[in-house]
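Colleague: I am new to reading structures, and I would like to learn how to go from a picture to a careful description. Could you take me through one example, feature by feature?

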Amino acid sequence: MSLVQRNRIKRALLSLGAIAVVYGIAAEIGRWVLPHRIWMDVHYIDNVELLPTYQSLAEELAFLIQSWILPSSILVSTGRILAGFLLGSVAGIVVGLATGRAARLEYVADPWTTLLRFTPALALLPLYVIWFGYGEASKILLIATSVAVVAMLGAHQAVRGVPQVYLDAARALGASPRLIFRKIVLPAAFPQIFASLRVALALAWVTIVVAELIDAKMPSLGYLLALAGAYPRVPQMLIGLATIGTLVFLSDMLALSLHAKVTRWMRRTG
Amino acid sequence: MVGQRFLLGVSSLIVLGLAYTLLSNASRFIDVDQLPDPLRSTLRPDVLPPTQALVQAIVDLVRGPEKQPPPDEPAHMHNHVHTSDHVGVLLQQGVTLQTSLLITTGRVLFGMVVGAPLGILIGLLIGLSRRVDDYIHPIYVLVRSIPPLALITYIMLWLGHTEAHRLIPIVYAVATTMVIPTYHGVRDLASTYLVAARSLGARGWLLLRRVLLPAAGPAVLSGLRYALAIAWMTAVGSEMLMADNGMGNLIVGGGMWASRFQTRSDPAVVMVGILGLAAAGWLMDSGARLLTVRLTRWAR
């Protein structure tokens, strides 16, 4: 490990530690200063800890883990994300590659991809509930849609970004369209497609927070958050936020390291 | 080339539009109940709203509620009419398509105006100094990982039931989105210029205005377009969850979330809402694209 890297890690730990300490102090002060009774439009809410102390956070976390609520929620939500992500990324990449390669197809698809592109995926939720019911299908399809749009745009632009010189050279050397697609377009477009998938993965986690509010059943992170907001139970709320944050962070790290691994061949100096 | 593009686009719109109209009106021509199941449950007017119902919904929602109650009925009757249909509920609340669009656009613009400078500032700070980057970046990654919509209830506890919990998530989403393109713009694109300008003695405002902003400009502007899309999504999401106006509210049809999904929303209204959102999003994005082209003319 180089000196620069060690320095970076030291500084990162220092600043994160500072945040943690500041929060701890703020929570201890807040226990005395902040109101425990909050007026919410029509009624009072009692026993609210606006800034829960580490102690109550730890108690809540222990409860959520012991009762198996948190682990099962993580499993269920992650499963939905994975299913939706796989479905959406495959569909989006296929469409994006197709419209990127065939100009006529692009013209035909253009009005519809534009419509889809500017539709906030969450707005589709009521429609999906009507079309696909309250069950698992509409949640997974909603995630798939939001992933597919980003993946489609990424794949389309990636294919368009392949330098014309490569294509011309290959054609001049007699490569068939299929060979060109497999040996030139796909490898050249790959890094950008992967980058768009990384964006889409983060978007999938945003979508699930809302998607899991339909037919809300307990093992799910979205409903955990909603319930915590309904009681309201702040420690649970913050643990839910932290859990989703951690999962987003972990999946992003995973995507990033995967990206580094599979594009090692194109690493350039500098 | 442009002619072909236009022609194919328009014809694809017309063909698919006609196909949809036929499909959604299928129950008029054939006995849908005799078809096998996926078709039977799909080809219903309350699942696939016919095109004329979409037009009707647009007309109703644009025209808005009738101004005067008929004089022969006492006024209180009108306050307690239980309308079960989506359009009826909306009209009773005085919701129209154009006001909802305006309100949501306003929220999106507020999010952009407040959030974008904030994000660009943070991006500049951590892009410029390695030391600040080392300290701030881990915190930024932590903050960025939290989906903005998940924050709504927590903000509500702090600030009560106000406009704040709709605006803060949008600002937050825009700001966190803008950090990365600015950061990379400064760090990757501008570092050579930066070293050269610094060694020539440029500092402060001069460095910012003459070197940094032009160099990082294109990356920041394309980031702005992406942030705009994120802002629309967050605005609609937060309105669907906790708001009594705006497009998100129009789509789910009033009331609070829990009760919203017990009453089935009318697919026609949802589709009209989506069309309106897409049109508004497209308009804003086109504006942003034109602006980008104009502002970065020197770069090409």
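Colleague: In which order do helices and strands follow one another along the sequence of chain A?

Modeller: In this model, which is predicted, chain A reads α-β-β-α-α-α-α-α-α-α-α-α along its sequence, and the count for chain A is ten helices and two strands.

Colleague: What does the radius of gyration of chain A say about how spread out the chain is?

Modeller: The value is compared with what the globule rule gives for 270 residues, which is 18 Å, and since chain A has a radius of gyration of 24 Å, well over that figure, chain A is more spread out than a compact globule. Along the principal axes, the C-alpha atoms of chain A fill a box of roughly 75 × 60 × 30 Å, and 34% of the 270 residues of chain A count as buried.

Colleague: Into which domains is chain A divided, and how many residues are in contact between them?

Modeller: The division gives domain 1 (1-54) and domain 2 (68-266) of chain A, with 32 Å between their centres, taken over C-alpha atoms. Five residues of domain 1 of chain A are in contact with four residues of domain 2 of chain A, and on the domain 1 side these residues divide into four nonpolar, no polar and one charged. Chain B has its own assignment, with domain 1 (1-45) and domain 2 (90-299), and there the C-alpha centres lie 36 Å apart.

Colleague: How should I read a single helix, and is helix 6 of chain A largely enclosed or largely open?

Modeller: The general idea is that an α-helix has 3.6 residues a turn, so residues three or four places apart point the same way. Helix 6 of chain A, residues 136-160, has 25 residues and reaches 36 Å from its first C-alpha to its last, close to the 36 Å expected at 1.5 Å a residue. Because 21 of its 25 residues are buried, helix 6 of chain A is largely enclosed by the rest of the structure.

Colleague: What is the phi of A:W68, and where does this residue lie?

Modeller: As a general rule, most residues other than glycine have a negative phi. A:W68 has a positive phi of about 70° although it is not a glycine, and A:W68 lies in the loop between helix 2 (54-66) and helix 3 (69-101) of chain A.

Colleague: Why does A:W68 count as exposed?

Modeller: A residue is called exposed if 12 or fewer other C-beta atoms lie within 10 Å of its own, and A:W68 counts as exposed because it has 10 C-beta neighbours inside 10 Å.

Conventions:
Residues numbered from 1 in each chain as written. Chains lettered and ligands numbered in written order. Predicted model: local features only at pLDDT ≥ 70, side-chain atom pairs only at ≥ 80, totals over all residues. Helix = DSSP H or I, 4+ residues; strand = E, 2+ residues; numbered from the N terminus. Expected span 1.5 Å × (residues − 1). Buried ≥ 20, exposed ≤ 12 C-beta atoms within 10 Å, placed from the backbone. Domains from an automatic or database assignment. Contact = placed C-beta atoms within 7 Å. Nonpolar A, V, L, I, M, F, W, Y, C, P; charged D, E, K, R; others polar. Rg over C-alpha atoms; globule rule 2.2 N^0.38 Å.
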